[in-house]
Amino acid sequence: MAEINPFESLQEQIDDAAVYADVDGDVIERLKRPERVLSTTLSVDMDDGSMEQFRAYRSQFNGDRGPYKGGIRYHPNVTEDEVKALSGWMVYKCAVVDIPYGGAKGGIAFDPGEYSESELERITRAFATELRPIIGEDRDIPAPDVNTGQREMNWIKDTYETLERTTEPGVVTGKGPSSGGSAGRVEATGRSTMLTAREAFDYLGRGIEDATVAVQGYGNAGSVAARLLEEVGATVVAVSDSKGGIYAADGLDTGAVKSHKRETGSVVGYPDAERELTNEELLTADVDLLVPAALENAITAEIARDVGADVIVEAANGPLTPDADDVLAERDVYVLPDILANAGGVTVSYFEWVQNRQRFSWTEERVNDELERIVTEAFDRLVETFEGYDVPNFRTAAYVVAIERVADAFADGGNWP
């Protein structure tokens with residue numbers, strides 16, 4: 001099977017929505033490509049005295065609605081096209097939940113598990129040094145993504161502040177609490193996934209408390225979504241990570257599974273599981289709700305033909321190919337897109353940025369209440385567009401909302417020079 005290019009998938013999603021959006025074709029073309037991309041090679045000293053080189057990227061896709069915003073991932077498969085796609089999805093994610101950001105994304109092509117903490121710090125600080133001229137709390141605000149977290153954001157913040165001789169906590173989000181991080185940020189992506197699923201089941205006249213759930217990917221987003229879905233009454237019957245999956249018909253204890261993964265490195269081998277699953281078996285399991293929470297392009301058209309879920313809520317970025325979307329639409333499987341479902345991360349990052357600018361902290365209760373308000377309002381706007389524009393699926397509806405908002409901001413500012 002030919003490798004699927006995520007940047008081409010993004011452009012196809014925009015083209016699909018452009019048919020319904022009230023936006024000129026030449027503006028659509030502008031909204032399909034990044035404004036700029038940094039491509040750099042980092043030369044970093046290793047613990048043994050050798051030097052290694054690492055390819056690194058930062059794509060600033062669109063800034064019409066505000067400063068660029070987006071995560072930084074560490075993964076061997078990071079490519080320039082992947083980063084461009086992820087930065088575009090961030091533009092439309094911010095627009096669909098109506099927060100005043102543009103979109104960016106960054107990444108370094110390596111496996112962080114093969115390096116010591118001191119090496120990871122030097123790699124991160126080297127990248128922060130390269131990013132220094134183009135980031136800032138009013139320019140571009142990085143955040144965590146795959147294989148990065150509070151530690152890496154703290155290093156980037158410290159590097160930037162040291163070189164700029166300033167104090168600027170809003171230069172990154174997803175920081176540790178003692179460095180200006182926000183309460184509720186760690187759980188935010190999983191929380192918006194749960195809220196989107198709850199609203200979707202309510203819209204379909206079904207109760208989330210009666211749903212069976214499978215979660216592909218048991219990192220931060222997947223494990224938090226699983227726990228929160230369990231807390232609202234859903235039964236999580238299957239979960240997986242990169243090493244395999246597990247299943248229990250009566251439900252898994254999501255907290256115990258997380259503890260097992262923390263202790264052993266995988267959900268596989270969890271003692272109370274009835275059996276193990278392959279990745280494809282989990283994606284095609286007979287459940288009410290499927291939550292893909294791993295990497296992009298997890299569900300192809302071939303897998304989509306066998307998906308057993310009635311509803312898919314995307315916790316990962318771009319987990320479905322465009323062809324898979326078409327197959328699932330034909331099968332009347334409801335797909336709640338990533339640019340709404342996993343927007344909790346960037347939404348609470350926005351809250352963190354606001355708090356940093358004000359030098360004031362919110363309670364976790366306020367953060368979660370504001371996140372719930374934004375997600376439910378965005379879902380209502382999504383349904384309004386889905387029904388009013390006669391679009392084929394929720395993803396197209398989400399892109400119509402987002403594209404029109406970005407195009408309106410571009411029109412307000414004008415094309416200069």
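A charge sits over a ring if NZ of Lys or CZ of Arg is within 6 Å of the ring centre and within 35 degrees of the ring normal. Keep that handy for the first exercise. This is a predicted model, where local features need pLDDT of at least 70, side-chain atom pairs count only at pLDDT 80 or more, and totals for chains, interfaces and linings use all residues. Residues are numbered from 1 along each chain as its sequence is written, and side-chain values use heavy atoms, with hydrogens and water left out.

**Exercise 1. Charges over rings**

Task: Find which ring K84 lies over, and which ring the charged end of R275 sits over.

Solution:
- Step one: look at K84. The ring below it belongs to F7, and the distance to the ring centre is 4.5 Å.
- Step two: go to R275. Its charged end sits 4.7 Å from the centre of the ring of Y247.

**Exercise 2. A pair of rings**

Task: Work out how the rings of Y203 and F379 are arranged, and which helices they come from.

Solution:
- Step one: get the rule. Rings of Phe, Tyr and Trp (its six-membered ring) pair if their centres lie within 6.5 Å; planes under 30 degrees apart count as stacked, over 60 as edge-to-face and the rest as tilted. The structure holds 15 aromatic pairs.
- Step two: apply it. The centres of Y203 and F379 are 6.4 Å apart and the planes make 75 degrees, so this pair is edge-to-face.
- Step three: place the partners. Y203 is in helix 6 (residues 188-203) and F379 in helix 14 (residues 364-388), so the pair ties together parts 176 residues apart in sequence. Helices here are DSSP runs of H or I with at least four residues, strands are runs of E with at least two, and both are numbered from the N terminus.
- Step four: check the surroundings. Buried means under 20% relative accessible area, exposed over 50%, and partly exposed in between (1.4 Å probe, protein chains only). Y203 is partly exposed at 29%, whereas F379 is buried at 3%.
- For extra practice, trace the cluster that ring pairs build from Y101, Y350, F351, W353 and W362.

**Exercise 3. The sheet of five strands**

Task: Say in what order the 5 strands of this open sheet stand, and which are the edge strands.

Solution:
- Step one: know when strands pair. DSSP has to find at least two bridges between them.
- Step two: read across the sheet. The order is 1-2-4-3-5, with mixed pairing.
- Step three: find the edges. Strand 1 (36-45) and strand 5 (140-144) each pair on one side only.
- Step four: zoom in on one pairing. Strand 2 (residues 51-62) and strand 4 (residues 103-108) are antiparallel over 6 bridges, and R58 has G106 in strand 4 as its bridge partner.

**Exercise 4. The sheet of seven strands**

Task: Describe the order of the 7 strands in the other open sheet, then follow strand 6 to its partners.

Solution:
- Step one: the order runs 9-8-7-6-10-11-12, and the pairing is mixed. Strand 9 (275-277) and strand 12 (334-336) each have a single partner strand, so one side of each is left without a neighbour in the sheet.
- Step two: settle on strand 6 (residues 212-216). Of its 5 residues, 4 are buried, so the strand is largely enclosed by the rest of the structure.
- Step three: turn to strand 7 (residues 235-241). It pairs with strand 6 in the parallel sense over 5 bridges, and A214 stands opposite A238.
- Step four: turn to strand 10 (residues 289-292). It runs parallel to strand 6, joined by 4 bridges, with V213 opposite L289.
- Step five: move on from strand 7. Strand 8 (residues 244-247) pairs with strand 7 in the antiparallel sense over 4 bridges, and the bridge partner of S240 is G245.

**Exercise 5. Two asparagines with positive phi**

Task: Decide whether N147 and N297 are buried or partly exposed, and locate their loops.

Solution:
- Step one: N147 has a phi near 65 degrees, a positive value in a residue other than glycine. Its loop lies between strand 5 and helix 5 (150-164).
- Step two: N297 also has a positive phi, about 65 degrees, although it is not a glycine. Its loop lies between strand 10 and helix 10 (301-304).
- Step three: look at accessibility. N147 is partly exposed at 43%, whereas N297 counts as buried at 18%.
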